[in-house]
Amino acid sequence: MTTLTGASRRWTLRGAQTEYTVAVPAHGRWLELVAWGPHGVSDGPSAVAYDGPVPFLTAGDAAAIEYATDADRPFTGADLVVETAAGDRRVGLGYTGEVADPDRRELAVDFADPVTGLRATVHYRVPAGTDVVQRWVELTNAGSGPLKLVRAGSAGFCVPTPHGALLSHQWGQWEQEFQLSHVELGHGAFTIGSAQGVPGHLHVPWLAVRDAAEPAGPTWGVAVAWTGSWEIGAERDTGGLTRVRAGRQLVDGPLELGPGDRLTLPVVTGAYSPDGLDGLARVWHTHQRQLAADRLTPRPVLYNSWEATYFAVEAKSQLELAEIAAELGVETFVVDDGWFVGRNDDTGGLGDWTPDPAKFPAGFDAFIADVRALGLNFGLWVEPECVNPRSRLYAEHPEWVYAVDGRPLTPVRNQYLLDLGRPEVAEFVHSTVDGLLRRYDIDYLKWDFNRPRTEPGRPGAAGPLDLDGAHVANLHRIYERLRHDHPGVLIESCAGGGGRADLAMAARADVFWPSDNTGPLDRLAIQYGFLHANAPHLLSSWVTDAPGMFDLRPRSLAFRFVLAMAGVLGVGADIRSWTAEQRAEAAGWIARYKEIRDVVTHGEVHLIGGPDQARCAVQYTAPDERRVVVLAWHTGRLDGAGLLPSRPVRLPLRGLDPAARYSDGERHYSGTHLTAVGLPVHWSPTHDADLIVLHRD
Ligand code: GLA
């Protein structure tokens, strides 16, 4: 795969439909992008190369550099800024060699700095069958003096945007996560990130870039696989190139790289689709399905008791709920917050992970056995990285929380954060969760995280510390160990809703809780954004009571069920107060979900319309194209079901064979008809959502 073009070295990585070509120019100072797009895009002149004059700039500022130091790009933004003990910057690298695999799916290009001894290896990996390129950098201090990393990005991605860059991103807050927005960038920069030690609610570590003149055309994406503080910045230069820098945000200050030290920076992943944002979503889905590997199975239908009982958990009422849940067809019963000692509200208990004997008088084992006797699996909520000041754990180990010497602690939701980077804390967290899984018959864990890190300190510790890096590394290790030792336990990642959803977690957790907001119309917008970045097997969704806690615009039970079926169906309502009719309807929806969930899990997703348009639907086409599942919602913004307009709409389905014929059991449609004219859906004041299953004739 290595080819010499003139005096330069050039490599092409090949994905399922895409290729990514990089080269080291003759001067050998950096690696440059040649082309990134569909197969064949590397032939002919490069759309990102620049060899014009650069008055008042350097050649590196204008070049499509893959990984730039501040010596390479002194004015337009570097990925790596290194400082020596003497305070000198401008580390310059030179090419020294590469390791390239003959399948053209992996490449590692080595660089070294003769002055400081810093070595940098720029890594690429294209997982088989995907259109993503995973990139990361490994830094080694092979010199004799300590180095300080002032900036340590993982990669720069260059995208040709001759008519302006159309950026798509997702912003939010607690109860309003994954809000998809678009911004047109003429010139200048756009930055998103998190300084919270968790991916956070404010921005999703995900960005899409298109040329403004072709919104439905070629689309590039960048996402950060890092469960701590991160940043993504996009800057469009004078010549029309948009360069996206992505990686960690060094919230604890510069990183120390002592002589002999090696540091691997997190993976950031690039994605390409010729088919706009919708096509890009499918590229991300394929990647995440591959990350899930053999754990990509249809998830069980769960019931979660949080909204029914909040902290007032006790055996009797939980069993009442479990009994009804079992009748509805639920498969896993999850007891949320409130089951452990000292936990009657959010002011106490976190840290003391022992079932409260007052709430489970016959014992927790007996309670779980009673749930299981109903034919249900059992799940439990935990938040093991946090501690309430009112707990035994805090009384015994006040030194375990993040703190700055001599400064007051900042409680958030009445709790502090444990310093997971400390080996004894990591051991405590692992053994607490592992102990629960060994001691009790548990199939499902909801792992929560309800506060950001405010204090950048470890009392008594000498020297600068990479607290963010250590916390994330231990979190990942604990997840990996638990998955290895308890392969049958599914783990849900939650952080006060959707605050912990990144590609690193997609490789370690089985499902994400995207938001505490389950109000129908708000939820529709949240899920619509979520599915642009995440596959349906990661989308946990519950049917809750109407009107919901947050969104007071009620919709039918059908709407709420069809909405929760778009990923992993759950129920979170107080089903004790549901009427016999509501329970019968719910049982019907759950049974139908079980028939379609393999298509939802494995099918090709097309996002049709949107929450702000007259129609909003998700189409899932089974891999063999024999079944197509369409979930559709009436998005009318008028409050009150009686005011919904009752005209039919047509949903244009995508990606079907025009020659094929499909049937919904009553009528027959051709693929052409479904694509060009669309699937007719009739709304009425009482009929505001649909689940349609088409079978190929
Ligand atoms: C967070 C979660 C909720 C629930 C509560 C329990 O807010 O997002 O789903 O588990 O914690 O305290």
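**View 1. Ser684 sits buried in a loop of this predicted model.** Is Ser684 buried or exposed? Its relative accessible area is 17%, and the cut-off for buried is under 20%, so Ser684 counts as buried. You'll find Ser684 in the loop that joins strand S37 (679-682) to strand S38 (689-696). Now look for His634: Ser684 and His634 are 50 residues apart along the chain, and their C-alpha atoms are separated by 9.4 Å.

**View 2. Val209 is a buried strand residue.** Val209 belongs to strand S14 (residues 206-211). With a relative accessible area of 1%, Val209 is buried. If you look across to Ala47, you're looking at a residue 162 positions away along the chain from Val209, with 15 Å between the two C-alpha atoms.

**View 3. Here is the ligand with the residues around it.** There are 13 of these residues, and Asp336, Asp337, Arg413, Lys446 and Asp516 come nearest. What is the make-up of this shell in nonpolar, polar and charged residues? It divides into four nonpolar, three polar and six charged. Now zoom in on oxygen atoms of the ligand. A polar side-chain atom of Asp516 is 2.6 Å from one such oxygen, a side-chain N or O atom of Lys446 is 2.8 Å from a ligand oxygen, and for Asn450 the distance is 3.3 Å. On its own the ligand has 310 Å² of accessible area, and the protein covers 97% of that.

**View 4. Trp36 and Phe157 bring their rings together from distant parts of the chain.** The model has 28 aromatic pairs in total, and this is one of them. How are the two rings arranged? Their centres are 5.3 Å apart and their planes meet at 35°, so we call the pair tilted. Trp36 is in strand S4 (residues 32-38) and Phe157 is in strand S10 (residues 147-160), with 121 residues separating the two. Trp36 is buried at 6% relative accessibility, and Phe157 is buried too, at 0%.

**View 5. Phe364 and Phe367 make a stacked pair.** Their ring centres are 5.9 Å apart, with 25° between the planes. Both residues are in helix H5 (residues 364-373), three residues apart, which is about one turn of the helix. Phe364 and Phe367 are both buried. Step back a little and you'll see a cluster linked by ring pairs: along with Phe364 and Phe367, it takes in Trp339, Phe340, Trp353, Phe360, Phe378, Trp381 and Tyr440.

**View 6. Two arginines put their charged ends over aromatic rings.** The charged end of Arg453 sits over the ring of Tyr402, 5.1 Å from the ring centre. For Arg523, the ring underneath is that of Trp513, and the distance to its centre is 4.8 Å.

**View 7. Last up are some backbone oddities.** Most residues other than glycine have a negative phi, and most peptide bonds are trans. Tyr310 isn't a glycine, yet its phi is positive, at about 45°. It lies in the loop between helix H3 (306-309) and helix H4 (315-328), and it is partly exposed, with a relative accessible area of 30%. Asn414 also has a positive phi, near 60°. Asn414 is in the loop between helix H6 (392-396) and strand S25 (416-417), and at 34% relative accessibility it counts as partly exposed. Finally, the peptide bond from Ala546 to Pro547 is cis, with omega near -5°. Pro547 is in the loop between strand S29 (540-543) and helix H11 (557-564).

Methods
Residues are numbered from 1 along each chain as its sequence is written. This is a predicted model: local features need pLDDT of at least 70, side-chain atom pairs count only at pLDDT 80 or more; totals for chains, interfaces and linings use all residues. Side-chain values use heavy atoms; hydrogens and water are left out. A residue is near a molecule or strand if one of its heavy atoms lies within 4 Å of it. A polar contact is a pair of N or O atoms within 3.5 Å; within protein, one must be able to donate a hydrogen and the other to accept it, and residues adjacent in sequence count only if both atoms are side-chain atoms. Accessible areas come from the Shrake-Rupley method with a 1.4 Å probe; for residues, only the protein chains shown count as cover. Ala, Val, Leu, Ile, Met, Phe, Trp, Tyr, Cys and Pro count as nonpolar, Asp, Glu, Lys and Arg as charged, and the others, Gly among them, as polar. Rings of Phe, Tyr and Trp (its six-membered ring) pair if their centres lie within 6.5 Å; planes under 30 degrees apart count as stacked, over 60 as edge-to-face and the rest as tilted. Helices (H or I, at least four residues) and strands (E, at least two) are DSSP runs, numbered from the N terminus. Buried means under 20% relative accessible area, exposed over 50%, partly exposed in between (1.4 Å probe, protein chains only). A charge sits over a ring if NZ of Lys or CZ of Arg is within 6 Å of the ring centre and within 35 degrees of the ring normal.
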